[in-house]
Amino acid sequence: MTVRTVLAPNPGPYTGPGTNTYVVVDDGEAVIIDPGPTIPEHELAIVDALGDDRPVAVVVTHTHPDHAPLANPLATRLGVPALGHAPGPEFRPDLRLADGDVVRFGGRELVAVHTPGHTADHLCFLLGDRLFTGDHIMEGSTVVIDDAAAYLRSLERVRDLGVEILEPGHGRRMVDAGRVVDEYLAHRRLRERQLLDAVARGARSIGELVEEVYPDVPPSLRPAATHQVGVQLRKLADEGLVVLGDEPLGPDTSVRPR
Ligand SMILES: [Zn+2]
């Protein structure tokens, strides 16, 4: 089996060096994971990476614009199905993958693992001792999440898979999967503790908490930090640890100790 990485030319504050598109080949058959954005030169690079191997499917980890929009056009071009957990803004799956569904290619099985948290529709893909993690786990940074409780459960799920290698949607391959997942779990727990401590010390809005917990965040990532704090507070409020205002989550949303 070989794993070929094709880096999309879309670097940025949320994408690191760009999106990793994976062309995974076994015995002359290939699966393409996360074709990325619709950039013609990237589509050509993926077709190039396929070489003479026969594609069987295009799969997506989730429907964010840096992962999925090229999936339908590429699948049509190659004459194979586009597979994902659910439709999204620029993605319509030909077949929907649920947790545990299998994509066969060559002598291998790629297994869908539903990992909500970054988004509700997020899948990782298990291949032997290797996991393609999309945006569930990235190399070199933590990830933006939509649901903190689901995200923690999905991290624990990945930890329990016991894989050795992580192939992320952004950044380089990680060969010490257990340590990386433990660090992600520890980071989330540290953030929760920091937020609870800051509320206990008197912070009373999401904006104030961002100042305390993300003091060095660059302006370009400030909306993401605000979103993160709100999402984490919603989990802490659900657990009865803080009281969160009813207004839509933003810098002015109020928070107080329970
Ligand atoms: Zn994403």
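Helix 4 buries Ala177, Val181, Tyr184, Leu195 and Val199. The model is a predicted one. Helix 4 makes a good place to start reading it.

Helix 4 covers residues 177–201. How far should its 25 residues span? At 1.5 Å a residue, the expected span is 36 Å. The C-alpha atoms at the two ends lie 36 Å apart, so expectation and model agree. After the helix comes Gly202. The phi of Gly202 is positive, near 125°.

Now look at the partners of helix 4. Two packed helices are described by the angle between their axes and by the distance between those axes. Take helix 5 to begin with, which runs over residues 206–213. Helix 4 and helix 5 pack at an angle of about 120°. Their axes are 10 Å apart. Roughly perpendicular pairs have angles of 65 to 115 degrees, and roughly antiparallel pairs have angles over 145. Helix 4 and helix 5 are therefore oblique to each other. Their crossing is right-handed. On the helix 4 side, the contact is made by Arg191, Gln194, Leu195 and Ala198. Helix 5 brings Leu209, Glu212 and Val213. By class, the residues of this contact are four nonpolar, one polar and two charged.

Helix 6 is another partner. How do helix 4 and helix 6 pack? The angle is about 80°, and the axes are 11 Å apart. The two helices are therefore roughly perpendicular to each other. Arg191, Glu192, Leu195 and Leu196 of helix 4 meet Val229, Gln232, Leu233 and Leu236 of helix 6. This contact has five nonpolar, one polar and two charged residues. Leu195 is worth finding in the structure. Leu195 is buried, takes part in the contact with helix 5, and also meets helix 6. Arg191 likewise belongs to the contact with helix 5 and to the one with helix 6.

Stay with helix 6 for a moment. Helix 6 spans residues 222–238, 17 in number. From first C-alpha to last, helix 6 reaches 24 Å, close to the 24 Å expected at 1.5 Å a residue. Which residues of helix 6 are buried? They are Thr226, Gln228, Val229, Gly230, Gln232, Leu233, Lys235 and Leu236. These buried residues pack against helix 3 (148–161), helix 4, helix 5, strand 12 (242–244) and strand 13 (255–257). Just after helix 6, Gly240 has a positive phi of about 80°.

Arg234 also sits in helix 6. Is Arg234 buried or partly exposed? A buried residue needs 20 or more other C-beta atoms within 10 Å. Arg234 has 17 C-beta neighbours inside 10 Å, so Arg234 counts as partly exposed. Leaving aside neighbours within four places in sequence, Arg234 is in contact with Ala148 and Leu244. Ala148 is 86 residues away along the chain, yet the C-alpha atoms of Arg234 and Ala148 are separated by 8.0 Å.

Finally, turn to Pro35. Where is Pro35 found? Pro35 lies in the loop between strand 3 (29–33) and helix 1 (40–50). Pro35 has 29 other C-beta atoms within 10 Å, so Pro35 is buried. Beyond its neighbours within four places in sequence, Pro35 is in contact with Thr21, Ile46, Val58, Leu70, Ala71 and Leu74. Pro73 stands 38 residues from Pro35 along the chain. The C-alpha atoms of these two prolines are separated by 9.8 Å.

Technical notes
Residues are numbered from 1 along each chain as its sequence is written. This is a predicted model: local features need pLDDT of at least 70, side-chain atom pairs count only at pLDDT 80 or more; totals for chains, interfaces and linings use all residues. Axes are lines fitted to C-alpha atoms, for helices over the stretch in contact, and angles run from 0 to 180 degrees between N-to-C directions. Helices (H or I, at least four residues) and strands (E, at least two) are DSSP runs, numbered from the N terminus. Angles under 35 degrees count as roughly parallel, over 145 as roughly antiparallel, 65 to 115 as roughly perpendicular and the rest as oblique. A crossing is left-handed if the near helix is turned anticlockwise from the far one by less than a right angle, and right-handed if clockwise. Two residues are in contact if their C-beta atoms, placed from the backbone, lie within 7 Å. Ala, Val, Leu, Ile, Met, Phe, Trp, Tyr, Cys and Pro count as nonpolar, Asp, Glu, Lys and Arg as charged, and the others, Gly among them, as polar. A residue is buried if 20 or more other C-beta atoms lie within 10 Å of its own, exposed if 12 or fewer, and partly exposed in between; C-beta atoms are placed from the backbone. The expected span of a helix is 1.5 Å times one less than its number of residues.
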